[in-house]
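Colleague: I should like to learn how a protein model is read, one feature at a time. Please give me the general idea first and then the case at hand.

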Amino acid sequence: MRATIKDVAKKAGVAVSTVSYAMNNSPKISEETRRKVLRVAQELNFRPSGAARNLKKRKTNTIGLFLYDLGGPFYSQVIEGIQEVVTSHGFNLVVCSTFGGENSSAHRFIKEQFVDGAIIMGSQISDSLILQSASESFPIVVLDRELKGDYVHNVLITYEQGAYDAVSHLIKLGRRKIEFLSGPVTSFDNSLRYNGYKRALQEHGLEVPSRISLFGRCMEVGGYQAVKVMLAGGQPPDALFAANDEMAIGAIRALTEGGVHVPDDIAVVGFDNIILGPYINPPLTTVGHSKYELGAIATQLIFSAQKEGNSILLPTQLIVRGSCGA
């Protein structure tokens, strides 16, 4: 088990503050005491935490962005918004994956506070770690959950309303058997989109499927594989609402290969309005929102130094194109 500053203080017979003074070469203690503490620290293999090294007087001038997936068109625009605000403040940006949970580099960056603030979009970073870590010198913004705490801010998209609008539009076009092409069921964003899908069906008097039958990774291959399985099973729906645009694009490819015409046989709607959407055949109907603004506002909150957590909701807009048959 890793030695703590308390372990060093106990073995050296000094106060915890004295250990801190020794580690920071403070003139408040004698040279003899400093050498004694450093000797004990070396014996215990004690390594000061990043938090101790990066206090206000020795800031890193770096903001950390922690994402589960570092690729994909969605994240590139979010990062663009973050980078512009970070640069305008004379800071640097480090981007790190949360893959691996407690064993990830992102977990260590946050726990030891190797940066001056964190923007998190990765459910592998626990609520408890975020709440324990957030402070005046280490503000945190989360983009994938609702979390209340001092120096913890939330910036979210109206995912549920966006999904409701998309499915309602399909219903108005005469579609009656609409399937939800789901991403990971544990995803906060995915669950909100599923809630909007269900609400639209219920309010329009349509039957809500008893369970989600189409699953996939939130990538083109995920949508492609899920729809291939759906077509093999027979009795396809007359519309698909996909959890994101990448899955929707993969779904359209699978439908086309299976001899199914989009949108005549099956309409398809995605979510996120990625850059590729207008250029596929047929052009993808989707729910748009400002990914750049999401990143920029999140970063501005990092520099706001507000103790009371902010919760900001950014709007969505239905963007109608050819894939829904309108």
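Colleague: How many bridges join strand β6 to β7?

Modeller: Strands, like helices, are DSSP runs numbered from the N terminus (strands are E, at least two residues; helices are H or I, at least four). Two strands pair if DSSP finds at least two bridges between them. Here two bridges join β6 (residues 178-182) to β7, and the two strands run parallel. Opposite Ser182 stands Phe215 in β7. This is a predicted model, in which local features need pLDDT of at least 70 and side-chain atom pairs count only at pLDDT 80 or more, while totals for chains, interfaces and linings use all residues. Residues are numbered from 1 along each chain as its sequence is written, and side-chain values use heavy atoms, with hydrogens and water left out.

Colleague: Is Ser182 buried or exposed, and which residues does Ser182 touch?

Modeller: Buried means under 20% relative accessible area and exposed over 50%, with partly exposed in between (1.4 Å probe, protein chains only). Ser182, which is found in strand β6, has 0% relative accessibility and therefore counts as buried. Contact means heavy atoms within 4.5 Å. Leaving out residues up to four places away in sequence, Ser182 touches Asn190, Ile212, Leu214, Phe215, Gly216, Ala243 and Met247.

Colleague: What order do the strands of the open sheet have?

Modeller: One reads a sheet by following its paired strands from edge to edge. This open sheet has four strands in the order β7-β6-β8-β9, with parallel pairing. β7 (214-215) and β9 stand at the edges with a single partner strand each, so one side of each has no neighbour in the sheet. Four bridges join β6 to β8, and Phe180 stands opposite Phe241 in β8. Three bridges pair β8 with β9, again in the parallel sense, and there Phe241 faces Val269 in β9. From β8 the chain passes through helix α11 (residues 245-257) to β9, and this β-α-β crossover is right-handed. That word applies if, with the strands pointing away from the viewer, the path from the first strand over the helix to the second runs clockwise.

Colleague: Which residues of strand β8 lie on one side and which on the other?

Modeller: In a regular strand the side chains alternate between the two faces of the sheet. In β8 (residues 239-242), Ala239 and Phe241 lie on one side and Leu240 and Ala242 on the other, and all are buried. Strand β3 (residues 118-121) can be read likewise: Ala118 and Ile120 point one way, Ile119 and Met121 the other, and all are buried. β3 also pairs in the parallel sense with strand β1 (residues 62-67) over four bridges and with strand β4 (residues 140-142) over three. Opposite Ala118 stands Ile140 in β4. The path from β3 to β4 goes through helix α7 (residues 127-133), a right-handed β-α-β crossover.

Colleague: Which residues of the largest nonpolar core touch the most other members?

Modeller: A nonpolar core is a set of buried Ala, Val, Leu, Ile, Met, Phe, Trp, Tyr and Cys residues joined through side-chain atoms within 4.5 Å. The largest core has 67 residues, and those that touch the most other members are Ile119, Val155, Leu240, Phe241 and Leu255. Apart from it lies another core of 17 residues, including Ala118 and Ile130.

Colleague: How many aromatic pairs does the structure hold?

Modeller: Rings of Phe, Tyr and Trp (its six-membered ring) pair if their centres lie within 6.5 Å; planes under 30 degrees apart count as stacked, over 60 as edge-to-face and the rest as tilted. The structure holds eleven such pairs. For Tyr159 and Phe271 the centres are 5.9 Å apart and the planes at 45°, so this pair is tilted. Tyr159 lies in helix α8 (residues 159-172) and Phe271 in the loop between β9 (267-269) and β10 (286-288), so the pair ties together parts that are 112 residues apart in sequence. Tyr159 is buried at 1% relative accessibility, and Phe271 is buried at 0%. Both belong to one aromatic cluster with Phe180, Tyr194, Tyr197 and Phe241.

Colleague: Which residue lies over the face of Phe271?

Modeller: A charge sits over a ring if NZ of Lys or CZ of Arg is within 6 Å of the ring centre and within 35 degrees of the ring normal. Arg193 lies over the face of Phe271, 4.0 Å from the ring centre. The charged end of Arg253 sits over the ring of Tyr224, at 4.2 Å from its centre.
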